[in-house]
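Q: Could you take me on a close look at one part of this complex, the place where its two chains meet, and then show me how far the chain on the other side can be trusted and what it looks like locally? I would enjoy one connected walk-through.

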Amino acid sequence: MVDRQLFLHINWSILAIVFLLFVAGVLNLYSASAFRIGDGTAITPFFSRQILWGGISVLAMVAAMLFDYRHLKNISWLIYLVVIACLITVLFWGRTISGAQRWLDLGFFNFQPSELAKIAVVLITSVFLSKINHPLGFRDIMKALCLVLIPAYLIASQPDLGSALLLVFVMAGMLVYHGIKKNTIKTIIFTMPLLVPLGWIFLKDYQKTRLLTFLNPGQDPLGSGYHVIQSQIAIGSGGFWGKGFMEGTQSQLRFLPEKHTDFAFSVFGEEWGFIGSIILLFLFCLFLYQIFLSSEESKDKFGAMLCVGVFFYFFWQVLINIGMVLGLMPVVGVPLPFVSYGGTSLLVNFIMIGLVLNVSMRRYMFKS
Amino acid sequence: MSLFKEKSIFNEKFGAYFLIFLIVFLFCIFSVRLWYLQVYKASFFSQKAQDNLQRRQLIYAPRGLFLDRHGELLAVNEPSYSLAVIREDCPDIAATLDQISRWTHTPEDQIHDDFTRGRSMVRSFENQIIAANLSFDTLTRVETESPYWPGVKIVVQPRRRYLQGEVLSHVLGYVARASEEELLKDPELRLGDNVGKQGLEFALEKVLRGQKGLRQMEVDASGRILHEEVLDHPVPGQNIQLSVDLGIQQKAHELMEGKSGSVVVIDADAGQVLALVSAPGYDNNEFVFGISHQNWQDLLSNPHHPLQNRSIQSTYPPGSVFKLVMAGLAHNQPDIRVSERIFCSGSVTLGNRVFRCWKGHGWVDMTKSLVESCDSYYYQLGDRLGVDRISEFALNSGFGRPTGIDLPHERSGLIPTRDWKRQRFNDGWRGGDNFNLAIGQGFILVTPLQVARFVGAIANGGSLYKPSLLLDEKKVDPEPLPWSEASRNFVYQTMIETVKGDRGTARRLHKEGVIVGGKTGTSQVVGLLPQHLEDDPEAVDYWLRHHGWMAAFARKDDRTYSIVVLVEHGGSGSRAAGPVVRDLLDYLFDESHPFQ
């Protein structure tokens with residue numbers, strides 16, 4: 001199945017960029033896992049676990065490259081339904097960790113079906129859009145929304161607002177990419193303001209506080225504003241050149257919360273400074289650009305939409321995570337791909353890349 | 001692009017532009033923000049990060065101690081325990097304050113008010129002292145329960161204790177919690193600090209206080225200390241050795257038990273104050289703890305005004321003590337002879353006013369006038385010399401102006417002049433005013449310390465010293481008493497005669513082997529009383545009785561003391577103040593404790 005031809009067509013630049021991002025992430029995690037005790041330093045086990053997950057994820061990525069992606073068209077619905085089933089299961093039998101029921105215990109590791117849902121939504125939306133050859137009307141959008149709102153609602157009730165929003169945003173991005181009728185766009189723009197207060201009702205109290213805190217972080221500097229303030233102090237105090245690897249006082253002395261997950265970028269910014277942050281940001285942009293190129297080069301619309309879905313999957317995470325860390329967005333639990341600690345998320349990231357590589361390496365397989 | 005034909009039914013390029021736009025947007029917005037945080041505001045955030053991990057703590061400097069001239073401790077520092085909060089470490093500040101109010105049995109409102117008022121004066125992550133001087137019971141309770149209250153700390157501060165209490169309260173004064181005003185005025189002061197409010201504690205505040213040290217600690221997010229270093233070592237305040245002799249002070253205090261008044265003992269040859277007593281006294285330790293409202297009201301409403309330092313803050317008519325000045329002035333006049341005599345019939349008439357003498361002395365010359373304290377003689381002198389000469393001479397002899405002692409709020413007293421009277425009463429100086437002035441009554445007011453300094457100058461050969469309370473104080477050249485040597489010696493000898501002579505008014509001061517000179521004085525509170533009451537002061541209402549003065553010097557070998565005692569409402573000087581001076585003389589010349 002894997003012939004030489006295909007191997008040669010692998011988009012090596014994506015792989016190289018992902019490798020760099022992963023290495024940066026692992027190094028950063030090493031620093032973030034360390035904290036000073038007296039005059040010494042201790043390391044928490046996050047770092048080694050992330051490397052282990054990296055290995056598993058690369059295998060998963062290869063697996064996602066092996067078959068012809070066009071087969072996915074046929075099984076997308078199946079995957080989608082399985083994921084919905086998992087999400088329902090997790091609501092009733094899932095493991096609860098720090099107040100949210102997100103994990104399914106598979107014996108050897110805990111699994112988050114919400115991560116799988118992201119793949120499923122990308123797939124199902126690609127299938128859906130590949131069949132439509134005209135700008136989307138109101139009807140099409142309602143259909144698409146139905147597809148995403150079911151898993152999104154289930155995830156939001158875990159509660160994991162970040163992941164739920166991400167699903168909706170990914171799909172929204174794909175729909176806009178595809179093209180929407182002008183009238184429909186107008187309708188949406190006018191109805192949006194009506195939906196905002198409706199959404200407020202569904203938010204949990206802590207989520208409301210987060211939003212309010214974002215609007216005015218000084219209001220509660222030791223409560224929910226603490227994260228954002230400490231994050232900005234960490235990044236700002238890094239200055240132009242940074243404080244150096246393992247030298248960030250904000251992270252080493254644990255003033256930074258969630259420093260190995262959602263606020264990993266703050267650790268990076270503190271230790272590597274403006275220079276390092278810009279390079280990392282540039283790498284992400286390059287990464288997105290490569291995915292964009294893969295979508296442009298793909299032979300069929302399903303492949304192109306698949307790449308666009310993956311594009312948005314990464315784009316939103318980078319935008320929301322770094323935006324939050326820099327104090328430009330409210331605190332929402334969205335990780336920074338490859339940099340934040342998180343096994344399932346890493347796995348899904350690599351599978352997504354596997355799908356993009358799958359599409360791009362098969363770009364010469366059929367004649368136009 | 002031709003590859004995209006199959007899906008290019010509508011604007012095929014829109015999607016591509018959209019994605020490129022998003023990538024550029026992402027890069028631009030975040031690089032601008034990163035530049036803002038990491039370059040433009042870098043120093044601001046660096047400072048914030050520093051503030052996060054560095055905490056500074058003051059190290060209290062021990063306040064200088066007070067010792068008497070022999071090295072006896074008078075005021076010391078003891079550890080005292082205060083309750084402080086670090087508000088950044090308190091998860092719930094309101095609940096913590098309520099808990100402190102329960103611990104210390106202080107109303108919640110007061111604790112909350114103190115906290116709100118003080119918080120602006122404390123930097124973040126610094127101790128803010130909420131309750132000072134914890135009792136031992138409170139301390140043990142807090143110590144066991146404080147682990148459940150993060151952010152609550154017990155702080156050890158040195159606290160003042162006055163070993164002699166009221167014996168020295170007017171000299172030492174006291175320290176108490178710095179007021180808001182003082183905190184604002186003096187950047188060195190911190191909330192909860194004590195500062196000198198009265199007496200030497202106030203006057204020597206800068207010397208006694210020393211300088212606080214600073215300790216810098218590196219902490220992690222949970223407040224655990226990782227590293228500690230002392231940036232500034234505290235500089236202890238300077239110890240102060242007083243010229244006061246605790247033995248004499250105690251003795252004088254004891255002799256004034258139950259009386260109101262003042263005792264001043266000065267080493268006449270050096271101007272050093274050996275005892276400065278004002279009775280009644282008060283316990284200055286109460287102020288250190290924070291005096292209770294009740295006790296404060298009691299002190300303020302006490303008719304004997306215990307807070308008043310009578311030696312320097314109360315002024316009295318000098319009475320016959322002023323005759324020393326008058327005699328000195330008269331002796332200086334070329335037209336007045338010592339042997340000149342006048343006849344004292346017991347009163348002098350001026351116009352339709354009768355000025356009485358306390359008895360009929362018969363023929364009186366200058367010496368006898370002083371020894372027997374004849375008023376008639378001085379009425380006549382006052383008339384001849386006039387207010388201008390008298391007041392100028394009195395002023396030069398050290399009256400009517402502060403002596404310059406190192407204590408706050410010293411009063412000048414009053415030497416009346418024509419101008420003064422015109423300004424004060426819109427009235428001219430009259431002949432009768434001269435009469436009153438000549439016997440130290442009427443408008444004239446002096447402090448006991450002024451009298452003691454003056455008598456010291458008579459005894460030491462004419463040097464008006466600035467009375468000093470500090471043993472090692474640099475000697476200031478004394479002011480010369482502007483008297484001729486003959487006049488000074490005349491007064492000096494006559495004072496001795498007043499003690500030695502059979503009819504001398506100060507004869508009860510006579511002490512074998514010691515040269516003692518003295519002069520009594522009685523300052524009238526309500527004018528001269530009828531004769532039968534003059535003889536029996538007990539029959540008069542306390543507040544109407546005269547003040548009794550005794551101004552004396554005593555000399556033996558090379559020691560010369562100037563001793564002044566004033567007893568308020570004690571009746572005549574000889575009767576009220578005489579015994580006190582007498583007992584002091586016995587103490588001073590008791591061979592068992594040699595003078596140094």
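A: Happy to! Let's begin at the interface, where 44 residues of chain A are in contact with 35 residues of chain B. On the chain A side, the elements that supply two or more residues are the helices α7 (161-178), α10 (225-238), α11 (249-252), α12 (264-297) and α13 (301-325) of chain A. Of these, α12(A) gives the most, with 12 residues. Sorted by class, the side of chain A that touches chain B holds 23 nonpolar, 16 polar and 5 charged residues.

Keep in mind that this is a predicted model, so the confidence values deserve a look too. For the complex, the predictor gives an ipTM of 0.90 and a pTM of 0.66. Chain B has a mean pLDDT of 87, with 94% of its residues at 70 or more. Within chain B, confidence is highest in strand β11 (residues 261-267), at 95, and lowest in helix α21 (residues 531-535), at a mean of 60. At the start of the chain, residues 1-9 of chain B have a pLDDT below 50, and this stretch has 8 contacts in the model beyond near neighbours in sequence.

Now for the local picture in chain B, starting with a sheet. Three strands of chain B form an open sheet in the order β1-β8-β9, with antiparallel pairing. Its edges are β1 (54-59) and β9 (225-232) of chain B, each of which pairs on one side only. On average, neighbouring strands of this sheet are turned by 25° against each other, direction ignored. Zooming in on one pairing, β1(B) and strand β8 (residues 213-219) of chain B run antiparallel and are joined by 6 bridges. If you would like a residue pair to locate on screen, B:Q54 has B:E218 in β8(B) as its bridge partner. As general background, strands of a sheet pair through backbone hydrogen bonds, either parallel or antiparallel.

One last stop is a single residue, B:E145, which is found in helix α5 (residues 136-145) of chain B. B:E145 counts as partly exposed because it has 13 C-beta neighbours inside 10 Å, while a residue is called exposed at 12 or fewer and buried at 20 or more. For a distance to check in your viewer, B:E145 and B:W103 lie 9.8 Å apart in space, C-alpha to C-alpha, with their positions 42 residues apart in sequence.

Note on methods
Residues numbered from 1 in each chain as written. Chains lettered and ligands numbered in written order. Predicted model: local features only at pLDDT ≥ 70, side-chain atom pairs only at ≥ 80, totals over all residues. Contact = placed C-beta atoms within 7 Å. Helix = DSSP H or I, 4+ residues; strand = E, 2+ residues; numbered from the N terminus. Nonpolar A, V, L, I, M, F, W, Y, C, P; charged D, E, K, R; others polar. Pairing = 2+ DSSP bridges. Axes fitted to C-alpha atoms, helices over the stretch in contact; angles between N-to-C directions. pLDDT = per-residue confidence, 0-100.
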